[in-house]
Amino acid sequence: QVQLVESGGGVVQAGGSLRLSCAASRRTFSRDNMGWFRQAPAKERELVAGISWNGDSTYYADSVKGRFTISRDNAKNTIYLQMNSLKPEDTAVYYCNGPIEGATPGTYWGQGTQVTVSS
């Protein structure tokens, strides 16, 4: 059974930082493009950042460019999302997903981790 397990969420003040991690059990993880999505209350789930299977290519939503950095360690079957200069509008449940195709999510979702940014 494929599992994606996120961690690292929490409550932080505006301007602060958090680092999310997603550990994957999927056997083909090192060949999967992966992404971080988020869903705020009463809003649709959106792609925040994506990374190619080898880490050479990344994508960021305009709202997080210059503040968030996605990375991966295929030896550890883990992807990361470093979030700096957090804003209250970043408050959401963050989900790890893969394999993604462009902005289209793949089959496997994590359970999500709550990020709350206070003003």
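Two strands count as paired if DSSP finds at least two bridges between them. The exercises below apply this to a predicted model.

**Exercise 1.** Work out which residues of β1 and β8 are bridge partners of Ala 23.

*Solution.*
- Step 1. Begin with strand β1, residues 4-7, which is joined to β3 by four bridges and runs antiparallel to it. One of these partnerships is that of Val 5 with Ala 23 in β3.
- Step 2. Turn to strand β8, residues 78-83. Six bridges join β3 to β8, again antiparallel. Here the bridge partner of Ala 23 is Thr 78.
- Step 3. Check another position: Arg 19 has Gln 82 as its bridge partner in β8.
- Result. Ala 23 has Val 5 as a partner and Thr 78 in β8.

**Exercise 2.** Place β3 in its sheet and name the edge strands.

*Solution.*
- Step 1. Write down the strand order: β1-β3-β8-β7, an open sheet of four strands with antiparallel pairing.
- Step 2. Look for strands that pair on one side only. These are β1 and β7 (68-73), the edge strands.
- Step 3. Add the geometry. On average, neighbouring strands of this sheet are turned by 15 degrees against each other, direction ignored.
- Step 4. Consider the cover of β3, residues 18-24: five of its seven residues are buried, and the strand is mostly covered.
- Result. β3 stands between β1 and β8 in the order, and the edges are β1 and β7.

**Exercise 3.** Describe the disulfide of the structure: which residues does it join, and what is its handedness?

*Solution.*
- Step 1. Count: the structure holds one disulfide.
- Step 2. Identify the residues. Cys 22 is joined to Cys 96, with an S to S distance of 2.1 Å, and the cut-off is 2.5 Å.
- Step 3. Locate them in the chain. Cys 22 lies in strand β3 and Cys 96 in strand β9 (residues 92-98); the two are 74 residues apart, and the pair links distant parts of the chain.
- Step 4. Read the torsion: -75 degrees about the S-S bond makes the link of Cys 22 and Cys 96 left-handed.
- Result. The disulfide of Cys 22 and Cys 96 is left-handed, and both residues are buried.

**Exercise 4.** Decide whether Asp 32 is buried or exposed, and list what it touches.

*Solution.*
- Step 1. Find the residue: Asp 32 is in the loop between β3 and β4 (34-39).
- Step 2. Apply the cut-off, under 20% relative accessible area for buried. Asp 32 has 6%, so it is buried.
- Step 3. List the contacts, leaving out residues up to four places away in sequence: Asp 32 touches Arg 26, Ser 52, Trp 53, Arg 72 and Pro 99.

How values were computed
Residues numbered from 1 in each chain as written. Predicted model: local features only at pLDDT ≥ 70, side-chain atom pairs only at ≥ 80, totals over all residues. Heavy atoms only, no water. Buried < 20%, exposed > 50% of the residue type's maximum accessible area, 1.4 Å probe, protein only. Axes fitted to C-alpha atoms, helices over the stretch in contact; angles between N-to-C directions. Contact = heavy atoms within 4.5 Å.
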